[in-house]
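Take a look at the chain shown here. This report walks through its overall form, its strands and a few chosen residues.

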Amino acid sequence: QGQLSRFLDFENGENKAVMVNNYDWFGSISFIDFLRDIGKYFTVNYMMSKESVKKRIETGISYTEFAYQIMQGYDFFVLSQDHNVTLQIGGSDQWGNMTAGTELLRRKADKTGHVITVPLITDATGKKFGKSEGNAVWLNPEKTSPYEMYQFWMNVMDADAVRFLKIFTFLSLDEIEDIRKQFEAAPHERLAQKILAREVVTLVHGEEAYKEALNITEQLFAGNIKNLSVKELKQGLRGVPNYKVQADENHNIVELLVSSGVVNSKRQAREDVQNGAIYVNGDRIQDLDYVLSDADKLENELTVIRRGKKKYFVLTY
């Protein structure tokens with residue numbers, strides 16, 4: 001609810017938003033009771049006629065998937081009875097499940113329900129957004145940080161950028177058309193992606209979070225590690241390899257590069273150091289005898305190692 005409160009008003013007005021959990025009505029109903037009281041309103045022929053079922057029937061569909069339409073239909077029924085809900089909105093792939101709700105309302109309560117579907121959002125290759133595709137973007141900053149969200153939108157393909165501005169932002173069509181012209185004239189500047197990232201991160205997390213994500217991006221790109229707080233570094237480097245340095249461990253740069261997994265051998269470590277490919281907190285290290293000290297522990301928590309231009313590693317203590 002805290003995440004959605006940026007978009008919905010849960011506090012004011014007769015029609016304020018309400019968040020419910022369908023376990024509240026499913027948790028207390030037995031399987032036998034559900035089949036007796038709800039299942040009787042659905043014929044097998046009706047359930048088999050759903051396009052989502054037809055597509056799967058030849059290759060195999062589990063009973064759970066087959067019966068899910070009844071459960072979602074019952075959700076609509078309860079929401080109608082308890083909260084006077086008359087309209088359900090969902091992705092186009094949910095059409096069959098949602099119309100099961102209108103059927104249950106008609107047969108059990110003599111009520112009329114309505115559904116609206118919206119097209120599933122895909123990228124230019126036809127790939128969907130979502131957990132199953134491994135590219136889900138969460139509103140929860142613990143799951144997708146503002147920086148990660150910023151990077152996600154910055155990395156969308158050129159073919160998608162302007163279209164996503166129309167879908168995910170509140171910019172006017174005239175503004176988007178102006179952006180499109182500038183973007184197509186100089187696509188390498190990624191203007192559409194920059195504005196898309198700015199608008200979405202600001203909408204979801206606020207302007208300060210957007211500014212922080214932008215600053216992390218710029219500082220990491222420039223290699224200015226010391227200009228970032230540990231909090232910002234943890235956000236910007238989440239997901240990079242981590243290694244916990246033991247107190248009694250040899251802190252010589254060559255030894256640490258090997259023990260932390262930055263390189264596979266001391267020979268490679270020595271070559272990288274001598275060739276200027278190793279950075280500690282943004283500072284190039286070319287001394288084979290360099291020993292990491294407390295001065296290299298940012299806020300006494302971590303040290304950032306960079307190998308080459310983009311390969312980051314985090315040492316913790």
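Which residues does the UniProt annotation "domain: RNA-binding S4" cover? According to that unreviewed entry, the annotation covers residues 252-313. Keep in mind that the model is predicted. In this model, residues 252-313 are 26% helix and 23% strand. The C-alpha atoms at the two ends of that stretch are 16 Å apart.

**The whole chain**

Start with the broad view. The chain has 14 helices and 7 strands. Its radius of gyration is 27 Å, while the globule rule gives 20 Å for 317 residues, so the chain is more spread out than a compact globule. Along the principal axes, the C-alpha atoms fill a box of roughly 80 × 50 × 45 Å. Of the 317 residues, 39% are buried. Now take the contacts between residues at least 6 apart in sequence: 58% of them join residues at least 24 apart.

**A parallel pair**

Strand β1 spans residues 87-91, and strand β2 spans residues 114-118. The two run parallel and are joined by 5 bridges. Between β1 and β2 the chain passes through helix α6, residues 95-109. This β-α-β crossover is right-handed. Within the pair, Ile89 stands opposite Ile116 of β2.

**An open sheet**

Which strands form the open sheet, and in what order? There are 5 strands, in the order β3-β7-β6-β4-β5, and their pairing is mixed. The edge strands are β3 (242-244) and β5 (283-284), and each of these pairs on one side only. The partner of β3 is β7, residues 311-316, and these two pair in the parallel sense over 3 bridges. Here Tyr243 stands opposite Leu315 in β7.

**Three residues up close**

The table gives the place and the relative accessible area of three residues.

| Residue | Place | Relative accessible area |
|---|---|---|
| Lys50 | loop between α3 (44-48) and α4 (51-57) | 8% |
| Glu212 | helix α11 (residues 207-222) | 18% |
| Gly282 | loop between β4 (278-280) and β5 | 24% |

Is Lys50 buried or exposed? Lys50 is buried, because its relative accessible area is 8% and buried means under 20%. Setting aside residues up to four places away in sequence, Lys50 touches Gln69, Gly96, Thr99 and Ala100. The side chains of Lys50 and Tyr46 are joined by a polar contact of 2.8 Å. Asn97 is 47 residues from Lys50 along the chain, yet their C-alpha atoms are separated by 8.4 Å.

Glu212 also counts as buried, at 18% relative accessibility. Which side chain makes a polar contact with the side chain of Glu212? That partner is Lys231, at 3.1 Å. Beyond its neighbours within four places in sequence, Glu212 is in contact with Lys231, Glu232 and Gln235.

Gly282 is partly exposed, because its relative accessible area is 24%, and the partly exposed class runs between 20% and 50%. Apart from its neighbours within four places in sequence, Gly282 is in contact with Gly223 and Ile225. How far is Gly282 from Glu301 in space? They are 16 Å apart, C-alpha to C-alpha, and 19 residues apart in sequence.

Key
Residues are numbered from 1 along each chain as its sequence is written. This is a predicted model: local features need pLDDT of at least 70, side-chain atom pairs count only at pLDDT 80 or more; totals for chains, interfaces and linings use all residues. Side-chain values use heavy atoms; hydrogens and water are left out. Two strands pair if DSSP finds at least two bridges between them. Helices (H or I, at least four residues) and strands (E, at least two) are DSSP runs, numbered from the N terminus. A crossover is right-handed if, with the strands pointing away from the viewer, the path from the first strand over the helix to the second runs clockwise. UniProt positions are given in the numbering used here, feature names are shortened, and annotations may be inferred rather than shown by experiment. Buried means under 20% relative accessible area, exposed over 50%, partly exposed in between (1.4 Å probe, protein chains only). Contact means heavy atoms within 4.5 Å. A polar contact is a pair of N or O atoms within 3.5 Å; within protein, one must be able to donate a hydrogen and the other to accept it, and residues adjacent in sequence count only if both atoms are side-chain atoms. The radius of gyration is taken over C-alpha atoms; the globule rule is 2.2 Å times the number of residues to the power 0.38.
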